[in-house]
Each structure stands twice: as structure tokens, then as C-alpha cells.
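Me: I have some questions about a model. Please keep the answers short and show the reasoning.

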Amino acid sequence: MSQIEFVLPGQVVKDVKSVRGVTILGPGLRQNEDQPNTICVTQPGKLYFKSPNVYWIEGNRNRYIPKKYDLVVGVIVKKSGDMLKVDIGSAEHASLSLLAFEGATKKQKPDVQVGDIVYAKLLNAHREMEPELVCVDSYYRAGTLGVLSNDGFLMNISLTLAQKLLDIQNPLLRSLGKRFCYEIAVGVNGKLWINARKTKDVLNLMKVFQITDQNAKTDLSEVNKSIL
Amino acid sequence: METELTKSTFSCKLGILSRPDGSAILSKDNTTVIAGIYGPIEVKLQKLLIDKASVECHYRPKSGLPGIEDRMHESIIRNTCEASLVASLHPRTAVLVAIQELQNSGQLISCAVNAVCLACLHAGIDMKFMFGAVTCFSNGVEMSLNPPAQTHIKAVFVFVFDSTEKRVIASHTKGIFTKEQFEEAVELCRSGSDQVFDYYKKVLTN
């Protein structure tokens, strides 16, 4: 993985590497029809390349665009029949079936109310269609998915911070664990749910994430040291 | 003839508003505008387009309610955004542009357009190209990119250019001028647009 340069929309990247005519483009890039072997940039940010043929842009996007198989945190906003409408921060509310929970049948449905928070997986995310969520994996097991406890606290963070927190090599959550006893669910949609034994701990954790978000450019471990 | 835009007159700050996805405050020669972008967001049924995102623009003047002239500013900005944003990526959604005028010293349209472009860049919304607007003043004999000290202005030209091929994507004129003067103004503004794009780059890389 290597960073090439800072790019702006409209810029054309030349000499694109491809394998048997195939180049994999990530977010912020578009095929350039006018010239072969070039790509068009559509988002400002840092251009990255991973050999042999993957390109993507890392910028700061604030609005979540649903992607298939993303793990998200959402709030139930509507309940009608067997279908739930979930706010996941995208343009359209996602739909979640009451039968898509572990152990749910037509007769025995889970107790989910409007205002509840769910940790779910995107089964389907196409720009022409409403996004669809499930709370089970392909073996109908819930695993970590499902309704999150009402004792917890939901907060919004930037998409970049959510991605950084989900990075397994990120030391922030681990070092916070030495100090506090807490439960956390991070959605790639920039929603974060925390629960701790004491309200004071929740407030402290909230403050940590807010400060980290503001200092997004600086190194996370540095911020971490200053807080703890 | 003044062909150089004085660079130091631009000042900008990104992300000053917390609610919008992208926001910018831009000031140039005592003309100041705040722009905010929301998008892609949920769309009203009557404005829904099945093949692309619809662009909505709300312009607020310094005081009072928006009037007819403000509606025209809205339409210029909306058309510019429609040309620049990759609307087909997000069908059945809306992109909302909100602009608040704070100070006006004669370059309001170009300042508003540039603020909207910076807000779009801050929001990280997909764009085909960036756009930059330049205002040109004519006193009948000479052209200038900076507002002249004396008040004998015969015509004002505003042109919006794209960042890739420097094509004109919007134009707005006021006053009396000849065809030659118009063409001269286009070329002068085109040369001035480079500085606007350089400024965008400087703001974003910092």
C-alpha cells in the first residue's frame, strides 16, 4: 500500500496499472472514457495504490453511503407489520424484517420498539433500491448482531474515526479498556453505541471520542496519552 | 489593466458549521458568504428524479426574506452544481445547498459560487470537476478583476469556469458593453480563474 499524492476532483491520473485489462477502483474514482489507461478523480483526498491494480481515495466524507455487507448501528424509526424502518444515516431509511432476528418465527417475533438501537448487517445496498438490513448471519445465528441494550448511549462520530476505531491495530479501544469497563458497538456509518457500569464512565468515554474526532489529523495514540 | 487578482484578499475557513456535511466561510474584498452542503439526503416526492440526484439551493440575503434577485443567484448556483456534481451516482436523493450572505461589496455571485465549491470539497461529495467564479469590472475603457476605487463602473461580468478545461459553465452580466469587451472579459476571467483553483488547493492541503 502506498500513498501517491493529494488529488482534487477533475484531476486525471495517468499510467494506471492493470492486470489483464482490469483495474479495481475504490471510492472517489471514476473511469475516464475519453482516454484509455487513465482514471478521473471525483473526491478530494489522498490517492492510494495497492499492487497490483487497486486504487482508492481517502478523504473526509461526512455522509454515509450504504455498501453491501457493512456492519452498521441504526435507530428504529418506524414499525409497520413485519417491517421496521431503520435510520442508518444514509439518504434513505433502511428496512429490517422482524423475521431477520435469531429465533424469530411468524408466531414469535422479537420485542423491538421504535427508538431501539440495532447493530445490523447490510444485506443489500444498491443505489436504485432501499437498503436492507439483517440481524442474523447466513446460518441464522445472531452472533454479535441484534438489538442493543437501552441502557447504552448513542453518539455520532465522523466516518473516518469510525473506520480508525474498527482498525484492529488501533490502540485506542484497548487502552481505554485498561481504564474503564465498557461495551461498544461501532458502525461504519459513523454511529457509535457505548455502555458502561457507571454513567460517569459513559460520559468520559464520550468525551474521549469527541476529542479524538476533533483531532482527527493528529496521531490517535498521541491524543490517547494526553487524555489518560 | 489589472490582470492579477490580489491573492491575499481571499480568506476561508472550512467546517465552521456542525450540522451540514460540508461548510465553508469565504471572504474576498469585504464580500463574505457562508455556504453549507447537505447530501445526499432524503428527497421530497415532488422533487424526486429517478435517474439522478436533484439539487436544491437556498439563498438567504443579509436581512429580510429572499427576493427576486436572490432567486436568480440561487438558479445560477443550482445550475453550476448540477453541471459539476456526479448526480447519477445517487439517484432518488437530494443535495441541498444553503447560502447565507454576510457582507456584499460587489462580488457576491462569484464569492457565493466559490464558497459553495469549497463546501462541496469539504463534504467530499463526488464531483466531475471543481468550479471557480471570477468577477470582472469594466469602466467602459479598462477591465479590472479587482473592484475599482472610483465608482464609474459601466459593466460587471461574472463567469464560472470548470477546473479541467477552463470552459465557461455559467455567466452573468450587468450593464452596457460591446461584443469585443465581452470576449475580452471572458479571457481575463479565465486567466484569473487559475488563482481561484490554486487557492482551493492551498486551503484543502493545509
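Me: Which residue is the bridge partner of A:Val13 in strand 5 of chain A?
Reply: This is a predicted model. Strand 2 of chain A, residues 12-13, is an edge strand. Two bridges join strand 2 to strand 5 of chain A, residues 39-41, and the two strands run antiparallel. In strand 5, the bridge partner of A:Val13 is A:Ile39.

Me: In what order do the three strands of the open sheet in chain A lie?
Reply: Strand 2 (12-13) and strand 4 (29-31) of chain A each pair on one side only, as edge strands. The pairing in the sheet is antiparallel, and the order is 2-5-4.

Me: What are the helix and strand contents of residues 24-63 of chain A?
Reply: UniProt, in an unreviewed entry, places the domain "Exosome complex exonuclease Rrp40 N-terminal" at residues 24-63 of chain A. The end C-alpha atoms of that span are 23 Å apart. Its content is 0% helix and 48% strand.

Me: How far apart are the end C-alpha atoms of the span that UniProt lists for "K Homology" in chain A?
Reply: The unreviewed UniProt entry lists residues 152-198 of chain A for this domain. The span is 34% helix and 32% strand. Its end C-alpha atoms lie 11 Å apart.

Me: What are the helix and strand contents of residues 10-125 of chain B?
Reply: An unreviewed UniProt entry gives these residues of chain B as the domain "Exoribonuclease phosphorolytic". The ends of the span, taken at C-alpha, lie 23 Å apart. The content is 28% helix and 34% strand.

Me: Which three residues supply 25% of the area that chain A buries against chain B?
Reply: The contact takes 23 residues from chain A and 30 residues from chain B. Between them the chains bury about 2200 Å², 50% of it on carbon and sulfur atoms. On the chain A side, no other three residues supply more of the buried area than A:Arg63, A:Ala91 and A:Arg127.

Me: Which residue of chain B forms a salt bridge with A:Glu92?
Reply: The rule finds three salt bridges across the interface of chain A and chain B. For A:Glu92, the closest N and O atoms are 3.5 Å apart, and the cut-off is 4 Å. The partner is B:Arg92.

Me: How many residues on the side of chain A that touches chain B are charged?
Reply: Between the two chains, ten residue pairs are in polar contact, both residues being at pLDDT 80 or more. The chain A side of the contact includes eight nonpolar and seven polar residues. The number of charged residues there is eight.

Methods
Residues numbered from 1 in each chain as written. Chains lettered and ligands numbered in written order. Predicted model: local features only at pLDDT ≥ 70, side-chain atom pairs only at ≥ 80, totals over all residues. Heavy atoms only, no water. UniProt positions renumbered as here; feature names shortened; annotations may be inferred. Helix = DSSP H or I, 4+ residues; strand = E, 2+ residues; numbered from the N terminus. Pairing = 2+ DSSP bridges. Contact = heavy atoms within 4.5 Å. Buried area = accessible area lost by both parts, 1.4 Å probe. Salt bridge = Lys/Arg side-chain N within 4 Å of Asp/Glu carboxyl O. Polar contact = N/O pair within 3.5 Å; in protein donor to acceptor, adjacent residues only side chain to side chain. Nonpolar A, V, L, I, M, F, W, Y, C, P; charged D, E, K, R; others polar.
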